[in-house]
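Thanks for coming, everyone. I'd like to walk you through one model today, so have a look at it first and then we'll take it piece by piece.

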Amino acid sequence: MTHIAEAQLIALDWGTTSARAYLMGDGGSIVEERSSSLGIMQVAAKAQLESLTLSRAFEDTLAELCGDWLVDFESVPVIACGMVGSQQGWAEAAYRKAPANLADPEFELTTVEITPGRLMHIIPGVLDLKELPDVMRGEETQILGAIELGELEPRSEEEQLFLLPGTHSKWVKVSGRTITEFSTSMTGETYALLSSKSILSKLIEPTTEIKWDAFERGVRVSHSAEGTADLMLTAFSARTLVLTGRLEKTEVSDYLSGLMIGAEIRSVMGHPEADTAPALTICGNKELSARYTKALKIYGIQQVSELQGTAPRGIWAIACTQGLLQNASV
């Protein structure tokens, strides 16, 4: 059992399809961590299946994930980021509007009672109120964590670009610790639909190996003159190249992945000159980060850093600035 002196914070990164819990100690160190597939979608399904209120389903899920921590460390604050604070989550945390200072001690945390007399604090997301509005929940905390880890210099005078790949990839411009603007690409979700529900899926033959040549081929198509035709006019090539004997069925999945990631990069960045391409930091899992790094290099973007697991550090920093931790260091 973890000694009570070691535990200072229970932090949760609670998303749509998964939840991660961290027992954190001095200076933001991770004493213990757990992960589960009990995202907010699964919690909602549990509530419906077992005829529970949504709040009760979230209480039960939290107990399943880290109930022993709540009992053993009853005075330790609990704080969460991600989709748990959405309209479909436990309690809605109102968005902060961009530009949003991620470390601002003045922004308001939403609270929900998790056991009698004990609260969980929920970090709000960020809203970019442009002509076509954009939102994020959880990614803002990952970005703050990446900056706080010290590998990135939070220089207020120089803008940094972050990429958070996933079901809905986020491209985020940050000045110091302030998000100035961002955009979302539904690349991951669209890829999942095309590779499982569309006519393209009929030719996909599963393989345990990543076909990097096929992936890079897809990226290069998006980078080429043909790529200017837009993804809607190039995606069908994942079928026709097989039908004409120029692509193996085991290569279709990775070719389509390259085609779509390449199209995403082109839409966001165009064709940057090598000497003007910005330094970029990817916060994501290793496999997705590797795909984007390869694709970015084809587009001439060589200064790419990859970081994983930055959310807990961001949660720790917010807990400190919000005064939830007494005498703790960021």
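**A helix, a sheet and two cores**

Let's start with α10, which lies across β1, β2, β3 and β4 and runs at about 125 degrees to β1. Lying across means contact, that is, heavy atoms within 4.5 Å. Angles run from 0 to 180 degrees between N-to-C directions, with axes fitted as lines to C-alpha atoms, for helices over the stretch in contact. The names come from DSSP runs numbered from the N terminus: helices are H or I with at least four residues, strands are E with at least two.

Quick housekeeping: this is a predicted model, where local features need pLDDT of at least 70 and side-chain atom pairs count only at pLDDT 80 or more, while totals for chains, interfaces and linings use all residues. Residues are numbered from 1 along each chain as its sequence is written, and side-chain values use heavy atoms, leaving out hydrogens and water.

Now the sheet under that helix. What is the strand order? Six strands make an open sheet, β3-β2-β1-β4-β8-β7, and the pairing is mixed. Two strands pair if DSSP finds at least two bridges between them. β3 (30-36) and β7 (110-115) are at the edges with a single partner strand each, so one side of each has no neighbour in the sheet. From one strand to the next, the twist averages 25 degrees. If you want a spot to zoom in on, β4 and β8 (residues 118-122) run parallel and are joined by three bridges, and Ala80 stands opposite Ile122 in β8.

On to the packing. A nonpolar core here is a set of buried Ala, Val, Leu, Ile, Met, Phe, Trp, Tyr and Cys residues joined through side-chain atoms within 4.5 Å. Buried means under 20% relative accessible area, exposed over 50%, partly exposed in between, with a 1.4 Å probe and protein chains only. The largest core has 34 residues, and those with the most contacts inside it include Leu9, Ile143 and Phe162. Among the elements that each supply at least two residues are β1 (9-14), α3 (139-148) and α10 (311-321). Which one gives the most? That's α10, with six residues. Apart from this core lies another, of 29 residues, with Ala21, Ile40, Phe58 and Ile122 among them.

Back to Ile143 for a second: leaving out residues up to four places away in sequence, it touches Leu102, Phe162, Leu164, Val172, Val174 and Ile179.

Next, the backbone oddities. Most residues other than glycine have a negative phi, and most peptide bonds are trans. Ser51, in the loop between α1 (40-49) and α2 (54-72), has a positive phi near 55 degrees. At 68% relative accessibility, Ser51 is exposed. The other one is the Ala98 to Pro99 peptide bond, which is cis, with omega near 0 degrees. You'll find Pro99 in the loop between β5 (96-97) and β6 (100-101).

And for the cysteine people: how many disulfides does the structure hold? Zero, taking a disulfide as a pair of cysteine sulfur atoms within 2.5 Å. Cys66 is buried at 0% relative accessible area, and its sulfur is 14 Å from the closest cysteine sulfur, in Cys81, so too far for a bond. Cys283 is buried too, at 2%, and its closest cysteine sulfur is also in Cys81, 12 Å away, again too far.
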